[in-house]
Each structure stands twice: as structure tokens, then as C-alpha cells.
Number of protein chains: 2
Amino acid sequence: MLLLRAVTGRRLPPLPLPRRPCSRSPTGSPAAGGPRGAAPVLAALLGLGAVLAYGERRRRVAQAAQAPPAPRYPLYTREEVGRHRTPRDRVWVTHGTEVFDVTDFVELHPGGADKLLLAAGGALEPFWALYGVHNQPHVLELLREYKVGELDPHEAPPAPADTQDPFAGDPPRHPGLRVNSQKPFNAEPPAELLAERFLTPNELFFTRNHLPVPAVDPDSYRLQVEGPGGPGGGVSLSLSLPELRSRFPKHEVTATLQCAGNRRAEMSRVRPVKGLPWDVGAISTARWGGARLRDVLLHAGFEEEREGEWHVCFEGLDADAGGAPYGASIPYARALSAGADVLLAYEMNGRELPRDHGFPVRVVVPGVVGARSVKWLRRVAVSPAESPSHWQQNDYKGFSPCVDWDTVDYSTAPAIQELPVQSAITQPRPGAAVPPGELTVKGYAWSGGGREVVRVDVSLDGGRSWRVADLTGERPVPGRAWAWRLWELRAPVAAGAELEIVCKAVDGSYNVQPDGVAAIWNLRGVLSNAWHRVRVTVTR
Amino acid sequence: MLLLRAVTGRRLPPLPLPRRPCSRSPTGSPAAGGPRGAAPVLAALLGLGAVLAYGERRRRVAQAAQAPPAPRYPLYTREEVGRHRTPRDRVWVTHGTEVFDVTDFVELHPGGADKLLLAAGGALEPFWALYGVHNQPHVLELLREYKVGELDPHEAPPAPADTQDPFAGDPPRHPGLRVNSQKPFNAEPPAELLAERFLTPNELFFTRNHLPVPAVDPDSYRLQVEGPGGPGGGVSLSLSLPELRSRFPKHEVTATLQCAGNRRAEMSRVRPVKGLPWDVGAISTARWGGARLRDVLLHAGFEEEREGEWHVCFEGLDADAGGAPYGASIPYARALSAGADVLLAYEMNGRELPRDHGFPVRVVVPGVVGARSVKWLRRVAVSPAESPSHWQQNDYKGFSPCVDWDTVDYSTAPAIQELPVQSAITQPRPGAAVPPGELTVKGYAWSGGGREVVRVDVSLDGGRSWRVADLTGERPVPGRAWAWRLWELRAPVAAGAELEIVCKAVDGSYNVQPDGVAAIWNLRGVLSNAWHRVRVTVTR
């Protein structure tokens, strides 16, 4: 709606003339004139109605008419385009083989300047693929106003992958991701996009890999299910992908996954911690489809309840140089609970799992730290002990701020399972200059264990006074609130004001976020859920 | 152990001589001499061994020998004794008909001066009944050293109860309780006693009555169980107390109950709130015995699960002047869950329920705010709506600090069910002067929903640095941690230091307590779970 209004509000030129030649263009100014009027004329002719028999010839004529007789725009390499990422350097983007200087459109972008700048220096397609509103003729016409060049067809192909690199087989990624580590790949969606949609597009879903992405042949894939034997101990199963899909009903769950290290960057500012500097984006939401873990375990003969403390351990196909796989476990009761909705997922937002998210099968444990939702799942084992994996025993645990690397004893803290209540501001961004008038603050809120977010308080004065934000979307099923709530607050702000925007959420157990980071600081930088603070300036 | 050591470490006088006549004694000094040696001599003689036929005569002789020929101590009324409550006014206590000035023993009391002072001005028996270590001959002998008088046998009887007073039928209460409201009765155990025992003695268990205590005849008592009808809708039952006890297995659960208003006094200090000024004692722990609500509802024909959102509503026999009963409800899923351990309790710490705690039957909902554990239970009803009661609809809900009595809309907030993580310091008390050397800090920690307390951090410097406290007692069953954990920390403290002791707990979902009160302030003063702070001075 907003985009359409903005588009139709601008004069649409009859022809896509390059009206803003780039002053830094290295190979002369674009040619003017030529047969650029031919295509619309032919299109109009074609609109008169044609018979099918005439179709093929017409297509060839049209192609001939559209094909330029000679390069009329300067040619640029992708590297050259990539140097234009800011208004100061001009903002260039590509679409197909065309290059555009959209600097003057940035502030007019209906989705916000910040969103358009995410594509600066690169291709528009990965972003347009996520935001369907761009798939309209008007948009492309508008864009053509800003054309300044073509991509050089003779550009050198990318260097061949290093076959010695264990990460050489990793899949391609969306350029919009904010990368915290390339190998292993750890990346988050930009905060600007995070709360734009309730379901995070697969391409932007935060990725937290511990090891290289395994290349899995879906035809030979087998999932092993094993138990300790004995009464109610289950039989071992080996399930192919078609068997997993056909033997068990497909169950769909919309669930948010969050990395234990989300918002670690804020914790590092108090005192250095060990870990990747995640901003607020190590959290995303998808609709997952797959077999319930419960159904698979019951099928294997396991009982609803087991005496004593039992666990269900998972192993991935991703392994370190010594062959040790990624592993984690969850309590048996959660694995078997119908209400806990634990999945062996093979679908993500209606598509097969992307390679970065566990193709062909991953665990999804709603309400629990992402680290237990093991990807590229190869083995499920019922055991009287938690997973012996490093990531269950000696990582992903919380400690007192007084514990340091000399005194830490991982056996003294429980492995993180359910996460505490969390929220963050995604708009505006820290340091932004916002116009006076009505300010819109947006963000997300979520809590572990299926606890519903019941309220988000927002302050514009550092926490001295509060307002209640509007929660968007539908109320979840109580006790099974696996997905985040997006929220927003609109408030008047005065020209010249310095704002410290703060948010804090309350969950269904009336748990709240702690005020400050210092008292929840921990050496590993996990569980960073203090009030989120964003300072902005209101322009005059 | 401590008491015995202290007792045997003191010289035990051969005779209970009054050695510290009270300077404020109104009726002269105690008589000296007399036949006070006769009793021990006779006791020694009796120890030689006697035949049964001689028993009755011997008893009479002993009585005659023990009976004083005349009052040898001054006589005091209970009111006079009650004026001696502090070391400055002298500390008097009674035991039986005897009056003691224990001022000089206060600091020697092995359980701590603060505990002994709880009985100052009144009878020792209610306290000794709770602390069995006093039931030893040495203790009474020690006490007799401090005898200064006798209770006046001619003292006027207490005034007759006001039969027009709806609270006239309330039961007698333990004098150690700290009363926040007499009518209806609302009282908490003194913080000094709270963390002394894992199970709170029934007599000291915090009492939160909303209305007069009903007088229930256990013989005619009936519990009504009703449903909405329809498939799986259950049949109506009317259960007598013997039926409830015999038809369903007795299930025992150790659970902490906490009032939503616990620690409200701290919230009032930030801004006034509406509600009783509970200190840290609106929380207590007992071992409850009764029928599982689940078993009763399944017996009545209700199904394990119901489509949609259903509730189980409770009504008490306590009613307001208009006949409206106290009421509350919990979600159907919790009521039916085997893991939630919801009881229709008829026992408390191995005894029948005291009248103040719901005799003959109350609900106990572990992990949930006390307000849902309806006492004097008369009716259980399955309903598609929450209880229509005032206390479910228009009380016991949390709001943003920005909501006041002009803007509050109770329909916007969920009824409190599970409570957030909580902890408090019970020793030392605010304003105390503690000796230099090793300081012992004690307290409790608990979280709602069966979430285990995994850590308590304690600071002695207002939260700038932290130490990890020792959790006492056994680790609970994960997910069913219904009872608090008591904790303590021992730390060296320097003479003359001013300490701000702070505690904060972490639960199994790594939820933490908020740093400050202001941002969780709410007009009703509920959910007060900020870090608990106690300032003390270390003596020189």
C-alpha cells in the first residue's frame, strides 16, 4: 500500500531515460536517443490480441526490437558497483545486468531508507525476492529512472572454491545477512528487517553453525533412533526421509528460535566475553513442518513416562576435524510431551529445509534455546544422561558475574533449556536521527517455555517513565506461545530531543527482564536479556 | 546441638533461685529460703523404685511437698508482663504460671537473640511447641534461674467475643505472627523464623484470609464437583470428607505458597500502593496431603484434555456480607496434569488442615500464586470461562508502572497464575548491628511453575560485586520444584563497615529478578520481586 502510494505519487516517465548520470562514471556519459521507444510501441501492438500460431515469430521480433545494437551505458564490474554503498559515495544497486544510482531515491523509499541501504553496492533481487510488493511493473519502471550503467559481461568469474577448506561446500547466503563469523557461518538478519514480518524469510533466518555445513544426499539419508533397551526402552529404528514423511503425521508449529548468545554485543560492552558479537538478530521465527518427536519415539516403543531422569540426545551430521558430531539433549518429558510440540522438522515456512538450517531434517524444540534444535540430524538416542557433547556439558550454561575463566566449573550450572523473557527494539536503530512528530518504535518480544508475552513497556526517557506498546498479531494458545510477538509504539517526539528508548517485556508468569547488563554478565556472554536501550536524536 | 552446648556450658544451679529480682517489680522482692529443696530430694527418693500400689499415695505426698505454702514470688498480670518487651524495659516471658526476666539471657540464646525476643512480653509455649529442642529438662532448669514472679491467678478473664462481629468465630492464632490485618486476618511469620526450617510450622504459616474464617462441621461437609455437561463433560459429584479421603489415593506434595502481595511494603516505599504491607514473609512451605484434583475430575468423567480454553473454578465457604464466596480458577490443563500435582488437600504437615488454612479441604496449586489455592473449598466447577470472582477478574493482576487507578482496565491483564522468580534475605534484619568476623546471611528463593532455583547471588556492597550462596537441602525433581530452596552465605566482614546486602535468584529457565522496584511498581503492589536489599552495620 505504502509503496504503491509513493510510486503513483511520482511522475512516471514514458521512457526509462537515464536522468542522473553518475559523476564518478569511469567510461563516459550514457548515450542518449536510440531505439528505446521501440519496446513500448511493440508492447502496445502486442496488446491488440494475437493468435497462438503467430506467437513464436512475434517473440523473435520482440527480442530483436529490444536488443540494443551497441552498449549505450558504461560497463561496471560488481566490485565497482560494490564501492557505492553510502549516500556520500552514491548508492548503487544492480538488477539483472543493469546498474542504478538510487542515491536520490533512498529517502523516498516507502519501506524506509534503512531497508534500501541494505542492498547498497549489490543486487536488488535477493531483497525483492523476500518482499513481494516489488514484483509490480511500476517498480521496475521507477527503478529505470535511475539507470547509470550495465554490468560488464566480461567480468572475471569468482575464484574457484578452495577444496582444502572444510567450509568450501557451504551453501550461498543472502547478502542481507549481517555476518558475525564466516567459517563457521554465523549471521543474523539486519535489525531493520527483523520485526518487519512475523515469519522470518528462510533466507534471512539467523544462522548459527558450529561446524561446516554437511552435504547430505536425501536419497541415502537415514535417521537412527536408539534407546537403552529394557522394558519400555524402545527398539532401534532407521528411517529414510520418505519413511519419516509418510509414517508419521505432519505436524506444523510456528516457533521462534533464539541463540543463547543473542544480544551478546551489549554484554561485551560491560566487560569482554568469549563469543560472537551478536546484535539483536540471533532470533527468528518460522513455521516448521515435520514429524513429532513424540510420535517417532512412541512408534519405536518408548513409553509416555520413564521413572527417574531421562534425556533424549541428538547428534548432527556436522562434525569436527576429529569426527565428533555436534550434539545436544533435552529432558525426556519434554520430548514425549504432546503439549511441547517438539518436531523432527523437514519443512521451514512451507519449503524444504535450507542447507544452512539443517537439510534434510532438524530438531525444533519450541521454547528452548536454539542450541538444542540440532540440525542435519543423524541420531536420536534415549539415555539416562544428558548428551556428552561439548555444547551440552561445557557450553551454553549461565554463571554468576563473579565467575571467571579461572574459577568456572561447568558442572555446577544446568545446561540452558528454556530461555528467559526477552525483547528488543528493532526500529529506530541506535544513533539514528529521527524526524520530530510521531515516532514509531518497533521490536520483538518472546519468552521461553511457551510462556506468552503479556505486555511490553517502552520508555523514551531511559526508564524513568513508561508506556505500554501495542502487541501485533494474534494471541497465542496459552502455555504454547512458541512464537514471538511483534510490537510497536507510536509517540510524539519534540524536535531536538535526545531519546533513550528502552523496552522490557513481561511474560505469562510475570517474569520480567532485568534492568541492567552488569548483574547478569557471564563469561560466555549468554542469556543477555536486560532492558534493551537505543539512543536516538530527534532532528530540528 | 547449639542449644545443648550453650546449656551445658553454663553452670546449672542446684536450685531454681531467683537471682535477678526485677527492679520494676511492683510487689516487693521474691521471698528467699523455704522448702524449695524438698522436690529434688523427693525426686531422688522416688528414683529408688516404688511399687504400683504405693503410687497414688506417693503422688499426693509429692504434690503436698511441691505446693508452696504461700506465694513466694510477686504476682503479675499478663498485661504487666506484656510491658516488658525490650532490653530497655527488661525482657519478660511466661511459662505456665511463672514469670521470668530473661534480659540477661537474650544475647546468650543459642538460636539468636532475635528469636527469643519474638516471645518477649508473652508466653514461651507457642514458640517452644515449634522448636522441639526446648523440650529438655536442662532448658526448664536454665529458665528457672531467671524466675521473678508468678501470674496472678485472679486475673480477669478475656472479654467475651463480640457476637455481632463476623470475625468473632476466627480461631486463636500464634502470638509470633506479624499481623498485617486483624479482620480479615492477614499475618506472616517473622522473617527471623522464616528460613529456619524448610517446612514452615502450621502455626507460623503465613495466613491470607479475605473474609471471616468459616466454621465448618466436618460431618456435614460436602464438596460439590460440577461440569458443563456434554461429552466428556463429567457428572456432578457430592463428596463427603470420608469419601474424599477413601475414594482417592492420598497424594503428598511439598509446596511453597506465596501471596501475590509478598514484599509489597518495599513497593509502597517507591510510591503508595493499595494493599496490606507484607514484609518478606507472605510465603511459607508445607507438606500437603490430599486427593489429586486430577483424580477427582477423572472420576467425575472429565477427559484428560478439552478442546479450546477451559478452566476449573473453585469456590470457598468463606463469603462476604452479601453471600458472595471467595473464588478463583486455574486453567483446565493444569488441573488435569499429572505433573502439576494440584491437590484437594486435607492435611498440612501431617496434621489436619488448621482452620486458618482451609479446614477441612483446600486447593493447593503448586507453583501458582496463593490466591488460586482456595481454602474451605465448597465447589469445583469446570467452565469455559475463568472464575467470575472479584479476585480472579479485578484483583491479582499485574500492570505497567504507568497505569494508575484512573486508567486501570483489569480486562487488559491476565490473572496471575505462575509467579516469577523470587528471593529474600531473612537474616540479618534491616538495620541490624552485626559483629565483625564471619557474617552469615540467610534467606529463601523460589520460582513459580515448578521451575527450580539454580543459583542465588548475594552482594554485600549493594550489587557491585557478587558471591554465590550455598543452596541447602536436596535438589528437587526438575520441572516439579514446588518448594523453596533455603540458602546461606558466610562471608568475612570488617568492623565498622556499612553493608548493603542484596540477593537475587536465578531459576531453571534462567529468569532473574529485576534490579529495582520502580520499573515493576504496580498500583496493587503485587509481584514485588526486585533484588532484596538489607542494610546493616558491622560493629567495631
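User: With which residue does B:Glu196 form a salt bridge?

Analyst: In this predicted model, B:Glu196 sits in the loop between helix H8 (191–194) and strand E8 (207–208) of chain B, and its partner sits in helix H5 (residues 113–117) of chain B. The pair links distant parts of the chain, 81 residues apart. The closest N and O atoms are 3.6 Å apart, and the partner is B:Lys115.

User: Is B:Lys115 buried or exposed?

Analyst: The cut-off for a buried residue is a relative accessible area under 20%. B:Glu196, at 31% relative accessibility, counts as partly exposed. B:Lys115 has a relative accessibility of 13%, so this residue counts as buried.

User: Which residue meets B:Asp295 in a salt bridge?

Analyst: B:Asp295 is buried, at 16% relative accessibility. Its partner is also buried, with a relative accessible area of 17%. The two side chains meet at 3.3 Å, N to O, and the partner is B:Arg292.

User: How many residues apart along the chain are B:Glu418 and B:Arg451?

Analyst: The side chains of B:Glu418 and B:Arg451 meet in a salt bridge at 2.9 Å, N to O, and both residues are buried. B:Glu418 belongs to the loop between helix H13 (390–393) and strand E19 (422–427) of chain B. B:Arg451 belongs to the loop between strand E21 (437–446) and E22 of chain B, and the pair thus links parts of the chain separated by 33 residues.

User: Which residues of chain A are joined into one network by salt bridges that share partners?

Analyst: Over all chains, the count comes to 70 salt bridges. Shared partners join salt bridges of chain A into one network, whose members are A:Glu98, A:Arg144, A:Lys147 and A:Glu150.

User: How many salt bridges are found across the interface of chain B and chain A?

Analyst: The interface brings 36 residues of chain B into contact with 37 residues of chain A. Between the two chains, 17 residue pairs are in polar contact. For salt bridges across this interface, however, the number found is 0.

User: Which three residues of chain B supply more of the area that chain B buries against chain A than any other three?

Analyst: Chain B and chain A bury about 2700 Å² between them, with 55% of it on carbon and sulfur atoms. Three residues supply 23% of the area that chain B buries against chain A: B:Tyr510, B:Asn511 and B:Ala519.

User: Which element gives the largest share of the side of chain B that touches chain A?

Analyst: On the side of chain B that touches chain A, the residues divide into 20 nonpolar, 7 polar and 9 charged. The elements giving two or more residues to this side are strand E22 (453–459) and strand E23 (467–468) of chain B. The largest share is 3 residues, and it comes from E22(B).

User: What kind of rotation axis relates the two copies?

Analyst: Chain B can be laid on chain A by a turn of 180° and a shift of 0.0 Å along the axis, with an RMSD of 0.0 Å. The copies also meet through the same surface, because 100% of the interface residues of chain B are interface residues in chain A as well. The turn and shift thus relate the copies as by a rotation axis that is two-fold.

User: Which residue of chain B comes closest to the rotation axis?

Analyst: The position is judged by the C-alpha atom. At 2.1 Å from the axis, the residue of chain B that comes closest is B:Pro514.

User: Which residue has its backbone nitrogen 2.9 Å from a polar atom of the side chain of A:Ser329?

Analyst: A:Ser329 lies in strand E14 (residues 325–331) of chain A and counts as buried, at 0% relative accessibility. Not counting residues up to four places away in sequence, A:Ser329 touches several residues, including A:His311, A:Phe314, A:Arg372 and A:Ser387. The backbone nitrogen in question belongs to A:Ser387.

User: What distance separates the C-alpha atoms of B:Leu108 and B:Pro388?

Analyst: B:Leu108 is found in the loop between strand E4 (98–101) and H5 of chain B. B:Leu108 has a relative accessible area of 42% and is partly exposed. Along the chain, B:Leu108 and B:Pro388 are 280 residues apart, and their C-alpha atoms are separated by 54 Å.

User: What percentage of the residues of chain A count as buried?

Analyst: Chain A contains 13 helices and 27 strands. Among its contacts with a separation of 6 or more, 72% are between residues 24 or more positions apart. Of the 540 residues of chain A, the share that counts as buried is 54%.

Definitions and conventions. Residues numbered from 1 in each chain as written. Chains lettered and ligands numbered in written order. Predicted model: local features only at pLDDT ≥ 70, side-chain atom pairs only at ≥ 80, totals over all residues. Heavy atoms only, no water. Contact = heavy atoms within 4.5 Å. Buried area = accessible area lost by both parts, 1.4 Å probe. Salt bridge = Lys/Arg side-chain N within 4 Å of Asp/Glu carboxyl O. Polar contact = N/O pair within 3.5 Å; in protein donor to acceptor, adjacent residues only side chain to side chain. Helix = DSSP H or I, 4+ residues; strand = E, 2+ residues; numbered from the N terminus. Nonpolar A, V, L, I, M, F, W, Y, C, P; charged D, E, K, R; others polar. Least-squares fit on C-alpha atoms with pLDDT ≥ 70 in both. Buried < 20%, exposed > 50% of the residue type's maximum accessible area, 1.4 Å probe, protein only.
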